[in-house]
Amino acid sequence: CSFPSQQKLAEKFTILNDRGIGMLTRVYNIKKACGDPKAKPSYLIDKNLESAVKFIVRKFPAVETRNNNVSLSIVLYCEMYINTVFFLCFQDHVCELLNTIDACQVFFDITVNFDLTKNYLDLVVTYTNLMMLLSRIEERKAIIGLYNYAHEMTHGSSDREYPRLGQMIVDYENPLKKMMEEFVPHGKVNNALLSLQMVYPRRNLSADQWRNAQLLSLISAPSTMLNPAQSDTMPCEYLSLDAMEKWIVFGFILCHGVLNSDQAALSLWKLALQSSTCLCLFRDEVFHIHKAAEDLFINIRGYNKRVNDIKECKEQALSHAGLMHRERRKFLRSALKELATVLSDQPGLLGPKALFVFMALSFARDEIIWLLRHADNIQKKSTDDFIDKHIAELIFYMEELRAHVRKYGPVMQRYYVQYLSGFDAVVLNELVQNLSVCPEDESIIMSSFVNTMTSLGVKQDIPIMPCLSLGQAYTSVSKASLGIADHRELGKMMNTIIFHTKMVDSLVEMLVETSDLSIFCFYSRAFEKMFQQCLELPSQSRHSISFPLLCTHFMSCTHELCPEEVSVPLRYDVTTVLSLCNMFLDEMAKQARNLITDICTEQCTLSDQLLPKHCAKTISQAVNKKSKKQTGKKGEPEREKPGVESMRKNRLLVTNLDKLHTALSELCFSINYVPNMVIWEHTFTPREYLTSHLEIRFTKSIVGMTMYNQATQEIAKPSELLTSVRAYMTVLQSIENYVQIDITRVFNNVLLQQTQHLDSHGEPTITSLYTNWYLETLLRQVSNGHIAYFPAMKAFVNLPTENELTFNAEEYSDISEMRSLSELLGPYGMKFLSESLMWHISSQVAELKVRGSHVFCLGVIAVDSVLKRMTIIGVILSFRSLAQEALRDVAMNVYELSSAAGLPCEIDPALVVALSSQNPEEEYKIACLLMVFVAVSMPTLASNVMSQYSPAIEGHCNNIHCLAKAINQIAAALFTIHKGSIEDRLKEFLALASSSLLKIGQETDKTTTRNRESVYLLLDMIVQESPFLTMDLLESCFPYVLLRNAYHAVYKQSVPSST
């Protein structure tokens, strides 16, 4: 190596390491594709090619084109073959670089020229992993041979790369054995590995040793808290333990001779074998250390001791490694928690103590990866050491430290810019000045470093780090004018300066280097299992957000040499990264929703205890106690009064509600931890998941709390439902104390949907349920004569009948219940109720018009049917009047027009709309005939036994008092539609009705006139109800003295019945 400065070792290492990871990605994807029946190339599963493939594999790498009748055009473009050709090119460059290093006698020491040594060992391991992974593709011979077979049949000759490629596949059938021969001349591997003898044992300590040294603690020595964290081997402090173990295991397998000649090498190797049972080749592909090493060494003469060492180390790893790593994770949980807490309170410490942060991240990452890898490849019966239900906590504190670094990055940058210019530049200058021999070129370079560092500003780009890395490589070759092997302090100072420059311009890369957990993407089952264990353990649920946050790491596991992984989110075991994150957030929201639902159920139960119906027993007991009456059995426990559950005898007493609130606060902390996260250009907002689930559950709960049973026609009383809904809303309102969501938006979305006939999912709402119940159950029983409307009570009341109803109408229709109904349904819901009532009225009016037309044509009078329909209309209008009045009481503001707000109108607009919407052409004459029909039919009511007027209820038991409302509103609506004079038509009606009723006085049959006085009162009710008629007009048609006498008679009749 005559010109070592021209070899550009650092640049080659950087390029080849990056290219090696890209090649590993491609080979890995080929292996997975060949192992997946759905992704397997078509030419490997084509039945027509099956015989050809078997023949090619059997003869590989020889070429024979005997079956030329098989079409192989589909194989001519084979991406897998092209990848293996690229692999051959990569192998050539690696071998060339390794030979160049040996020729140049490059000096390697991880503590002196860290970057160069690390890149060298990384390249050796990457090359080894690539060879091993390639050998695991079972179809490799078929892929390569089949392509060449098709190429020769098409072009008449083999592919030019095929001979070398085929021979390589054959030679590396057992890759480690072949590479052991290949690495015999590469002795520099041993030199690089032996430089780890001070670094690796120091990193591979037990948890007790860490604890005794108070590792990672900022508060163990308060007086030095502001002092910068220093070390002679700064980059080695956060070097991955997993990477070092791979270097040692693979390095000493390839260059195994030193194990018999150097005790330090043997100690390193045995320590690594005792720490793990398997190592990661790439992603989820693992290498079982002990079996592979034993198989290799057992056939080598003189290696019996090494084989025995391997067996002993395996037993040691199986019996003690799991426990050792479990204790490490336990220590790191507390250490990272302390570190994150201190830094959140004093973020300025991120400057001087940045090394502690990256050490903590690296240590934790190594332990998590170790657990993930070994839990999926357990080699012992007991699995307790490989199940960690607290792993989420460790990941959470890692994410917290990462968040601190991202948030306070400018603080760290400012600190280290000043550190580089004020301290590092001075020290480096002194070291250069004190060099005994410093050639002119090197002196100029070093002086340039010092000058650049001295003049640094906060906003300047720093080109120092790559320059120093190149300088390390330049001074590491044997013929360098300034050899770094003779000036170790200078090399260590370069390592320190490189670390400080990374703190300025490579913080994101440092986070990826020390805390990237994208490997979870390839252990999806274990990933989901850990998440489920986290949710099942209440103390860990506050850390459950760490799993969705881990999904943000997955973007760093792709490589530009495999662009298909970048263009489409990476898939593994059919589960995409996006679906994983979505599943985690959805499960968290479901868990929180279930807890909230349980709390709401408890609160609804407590609210239910305060309902008036539950005080009856208490009042009864008080009355009996006062009257000294003994009821019930002796010793019967007294019913607990509401509020007893809040009385605590001591603080140790924990109720179920306390546990639910604690669990909810823990889970909501997790949901509220980050406002959003971005994965593959998709933004996930955890709080929106909770909001969505709360809306769905609140909707179902409201409908469920109605307890509507279609078979029995049972439904909850509106007041009880309102109490439960208020209790539910109170709990939901308190959620804002735990997580920053707009619960008012939830209320608006849900409650507004409940005012419509169907919700956004097409499901029935409380509006539709209550509307159907009142129309089909309550009002239908009114028309059947089982219920009557009592104007005095402003309620519908059950009448004594043989078949008792299953519900008490008064409990559903009194003013308090109607107000509760109005509050639940709101103006829009009440409008729907009103429209449904109007639809029923319009259908009754349509029937009346048909019957009126028949009367006019045929002269047939169906008096009972007409009056019954008019009475039904009056009942419906009376119910609507109750609903409108209740709406007025609860709705103080006008929501729509006056009718929708519950305000009275002379002409009901809803009724006008309902009657106008009928398709048949309505004739003015029919409307007039209808009113005449009703007027002349009224005298027949006097013969009905149920037509007697009751002063107590201010109405008739058969609801004929509702005729007053029906006549007035139907007349007003019909004559508004036909543009007639409402007042004139009602005057005519009053005259006809008065004349008809006066004729009753001439009847001699007592049966016909039994309730004559009660029917007379209908005229007064009609006038009182009408805004168009007056008492003077009535006096001109019907003598008032008759009305007065009628009132006197009905009140006189009611006296005996009341006594």
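**Exercise 1. Take helices α15 and α17: at what angle do they pack, and how far apart are their axes?**

Solution. Start with the geometry: α15 covers residues 263-275 and α17 covers residues 304-345, and the two pack at an angle of about 50 degrees with their axes 6 Å apart. Keep in mind that we're working with a predicted model here.

Next, classify the angle. Values from 65 to 115 degrees count as roughly perpendicular and those under 35 as roughly parallel, so α15 and α17 end up oblique to each other.

Now list who touches whom. From α15 come L266, W269, K270, L273, Q274 and S275, while α17 brings in R306, D309, I310, C313, Q316, A317, A321, M324 and H325. Sort that contact by class and you get eight nonpolar, four polar and three charged residues.

**Exercise 2. Do the same for α40 and α42: how close do the axes come, and at what angle do they cross?**

Solution. Helix α40 runs over residues 963-977 and helix α42 over residues 1012-1025; their axes come within 8 Å and cross at roughly 45 degrees. That angle makes α40 oblique to α42.

Then add the hand, which is right-handed for this crossing.

Finally, the residues: L963, A964, K965, I967 and N968 of α40 meet L1018, M1021, I1022 and E1025 of α42. The class count for this contact is six nonpolar, one polar and two charged.

**Exercise 3. How many aromatic pairs does the structure hold? Work through two of them.**

Solution. The total is 39 aromatic pairs. To describe any one of them, you need the distance of the ring centres and the angle of the planes.

First pair: F527 and F547. Their ring centres are 5.7 Å apart and the planes sit at 45 degrees, so this pair is tilted. As for location, F527 belongs to α25 (residues 524-536) and F547 to α26 (residues 546-551), so the pair ties together parts 20 residues apart in sequence. Both F527 and F547 are buried.

Second pair: W773 and Y774. Here the centres are 5.1 Å apart with the planes at 85 degrees; angles over 60 count as edge-to-face, so that's the label for W773 and Y774. Both W773 and Y774 are buried too.

Last step: look around this second pair. W773 and Y774 belong to one aromatic cluster together with Y770, Y789, F796, F807, Y812 and F879.

**Exercise 4. Buried or exposed: which word fits S947, and which fits T806?**

Solution. Place S947 first: it sits in the loop between α39 (924-937) and β9 (949-950). The cut-off for buried is under 20% relative accessible area, and S947 has 0%, so S947 is buried. Ignoring neighbours within four places in sequence, S947 is in contact with L941, H956, N958, I960, N1011 and S1014.

Now T806, found in the loop between β8 (795-798) and α35 (810-813). At 66% relative accessibility, T806 counts as exposed. One more distance for T806: its C-alpha atom is 8.5 Å from that of T712, a residue 94 places away along the chain.

**Exercise 5. Zoom out: what does the whole chain look like in numbers?**

Solution. Count the elements: 44 helices and 10 strands. Check burial: of the 1059 residues, 52% count as buried. Then look at contact range: among contacts between residues at least 6 apart in sequence, 78% join residues at least 24 apart.

Key
Residues numbered from 1 in each chain as written. Predicted model: local features only at pLDDT ≥ 70, side-chain atom pairs only at ≥ 80, totals over all residues. Heavy atoms only, no water. Axes fitted to C-alpha atoms, helices over the stretch in contact; angles between N-to-C directions. Helix = DSSP H or I, 4+ residues; strand = E, 2+ residues; numbered from the N terminus. Parallel < 35°, antiparallel > 145°, perpendicular 65-115°, else oblique. Left-handed = near helix turned anticlockwise from the far one by under 90°. Contact = heavy atoms within 4.5 Å. Nonpolar A, V, L, I, M, F, W, Y, C, P; charged D, E, K, R; others polar. Phe/Tyr/Trp six-rings, centres within 6.5 Å; stacked < 30°, edge-to-face > 60°. Buried < 20%, exposed > 50% of the residue type's maximum accessible area, 1.4 Å probe, protein only.
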